[in-house]
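Notebook open, structure loaded. I want to go through a hairpin, then the sheet, then the ligand site.

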Amino acid sequence: CHQDLFVGLDFGTSGARAHVIQNGGKLEADFRQEYKEGGELDWADAWQTALWQLLKRLDSVDKSRIGALAIDGTSSTCMLVNQDTLEVVSAPQLYNATQLTSSVQAVKEIAPPGHTATASTSALCKMMTWHNTGTWQKAEVERKRPCLLHQADWLAALLHGQTRHSDWNNALKLGFDPALPGYPPWLMSQPYAGMLPRHVHAPGEAIATITAEAAARTGLPADCLICAGTTDSNAAFIAAGVTQPGEAVTSLGSTLAVKLLSETRVDRAEYGIYSHRLGDAWLVGGASNTGGAVLKQFFSSAKLKELSARIDASSPSPLQYYPLTCPGERFPINDPALEPCMEPRPQGDADFLHGLLEGIARVEAQAYGRLEELGATHLTKVVTAGGGAANEAWTNIRSRVLGVPVIASPHGEAAHGAALLAQQGFHEHRRLHAHTTCLNPRGGG
Ligand code: ADP
């Protein structure tokens, strides 16, 4: 067996990305494909076009060495497709498409209080809209065999050709319970239950080998495995290489998001905390409104760099700030009226920035403290992603305040995480089918 390359595809908001990795995770090649332009963008068509274009562009790598591929997509982006032909029956509803109040209300009536599927952009609220507007019933009558697939599910299905497959992470906001694992009774009793993905896999699990048609079209080997994918933010977490409970990824973008790998599951709607399942562990996440957007309010990127270099990170700032762009916080403090605190402002800009960075670091520490208090595994290490990861002074401040090592993520790209999932799925599949896979590789690879 000579398959030692793995492909991850990430379908983001403006374009798609491919990472090809070697066995062990080293990057072999990466490619980016913008979605095609157009006033009224047909999203499904744009994704599909990008999928084939990206796979064609892998020509600079030896495709015969590719053993497996996995795809991540934006969370709760879903569509109705014909389960036999995979043709689009109802156009995709994007991750951020807020659903009608009536749909959200209908979901709240069936789901447990505070369930993540009750968010107004959830896949289940989208399913409810297709139900309440009669969209799927009409498609049924027209014998279009409608089923719901997430963006990542559908794109993977174009490659593996199987019917109604998804993964634990994409299906979470559809109401899937990864602890069972399965759909809970309150969901299975709904009239549209027959349209939900039927085979919901652990992320990375091998679904099937690529279809002959897709292999011919892309040049991928006939025995290339198509593995179950994940959501984009989970893929970005996986890319950071965190594998042990207690290790975490902080994303320092416009806002501050934390994700901690935990042995226990934590779901607390009032704090906006919920858990994804990854293997045998739980990825517990929460997001604060503090973050880089506050810094941007005061300083340009160049100024941030210049001032940061002047900060003595080893000594604590005396300023007790809670930086926010506007009042209101959900996590780690649940208070919709929480006032920002960024005063008094000292004379020197570097001192002011020191106070802001230290304030955000304290919120981060409070966030992990809250997760632990609610039952998650104790924090041991933080990997940083996002725009703030490059700030060395901040990293040192955070390490001091958090009391654990803080490092920058070697790979922030979601596509890299998807490729790691493909690698994992390939090796698991091989362990399970050691004889058949190695003695009789289909297509001669
Ligand atoms: P998002 O995708 O959430 O918009 P990014 O991950 O691209 O965010 O990060 C952008 C943020 O990073 C900005 O809000 C900016 O304030 C912050 N940022 C950029 N450079 C620095 C720096 N040197 N130090 C701290 N923060 C920075």
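**Entry 1: the hairpin.** I started at the hairpin of β2 and β3, where 4 residues sit between the strands and G24 takes a positive phi near 105°. A note to self before going on: this is a predicted model. I then checked how the two strands pair. β2 (residues 15-22) and β3 (residues 27-34) run antiparallel, with 7 bridges between them. For the register I looked up G15 and found E34 of β3 opposite.

**Entry 2: the sheet.** In which order do the strands of the open sheet come? I traced 6 strands as β3-β2-β1-β4-β11-β10, with mixed pairing. β3 and β10 (206-209) are the edge strands, each pairing on one side only. From one strand to the next I get an average twist of 20°.

At the β10 end I looked at the pairing with β11 (residues 225-231): antiparallel again, over 3 bridges. There A206 stands opposite C227 of β11.

**Entry 3: helices on the sheet.** Next I asked what packs here. Helix α5 (residues 151-160) packs on the sheet and touches β1 (5-11), β4 (66-73), β10 and β11. Its direction is at about 150° to that of β4. I also followed helix α14 (residues 414-432), which lies across β1, β2, β3, β4, β10 and β11. Against β1, α14 runs at about 135°.

**Entry 4: the ligand.** Which residues surround the ligand? I listed G253, S254, G292, A293, L295, K296, L304, G386, G387, G388, N391 and W394. Sorting this shell by type gave me 4 nonpolar residues, 7 polar and 1 charged. I wondered which element gives the largest share of the shell. Helix α10 (residues 292-298) does, with 4 residues.

Then I went through polar contacts. On the backbone side, an N or O atom of G387 lies 2.9 Å from a ligand oxygen. A polar backbone atom of A293 is 3.4 Å from an oxygen atom of the ligand. For a side chain I noted N391, with an N or O atom 2.9 Å from a nitrogen of the ligand. Last, I looked up how much of the ligand is covered: the protein takes 66% of the 580 Å² of accessible area that the ligand has on its own.

**Entry 5: for the page margin.** Two things I want to find again quickly are the strand order β3-β2-β1-β4-β11-β10 and the part of helix α10 in the ligand shell, 4 residues.

Definitions and conventions. Residues numbered from 1 in each chain as written. Predicted model: local features only at pLDDT ≥ 70, side-chain atom pairs only at ≥ 80, totals over all residues. Heavy atoms only, no water. Pairing = 2+ DSSP bridges. Axes fitted to C-alpha atoms, helices over the stretch in contact; angles between N-to-C directions. Contact = heavy atoms within 4.5 Å. Near = heavy atom within 4 Å. Polar contact = N/O pair within 3.5 Å; in protein donor to acceptor, adjacent residues only side chain to side chain. Areas by Shrake-Rupley, 256 points an atom, 1.4 Å probe, with all protein chains shown as cover. Nonpolar A, V, L, I, M, F, W, Y, C, P; charged D, E, K, R; others polar.
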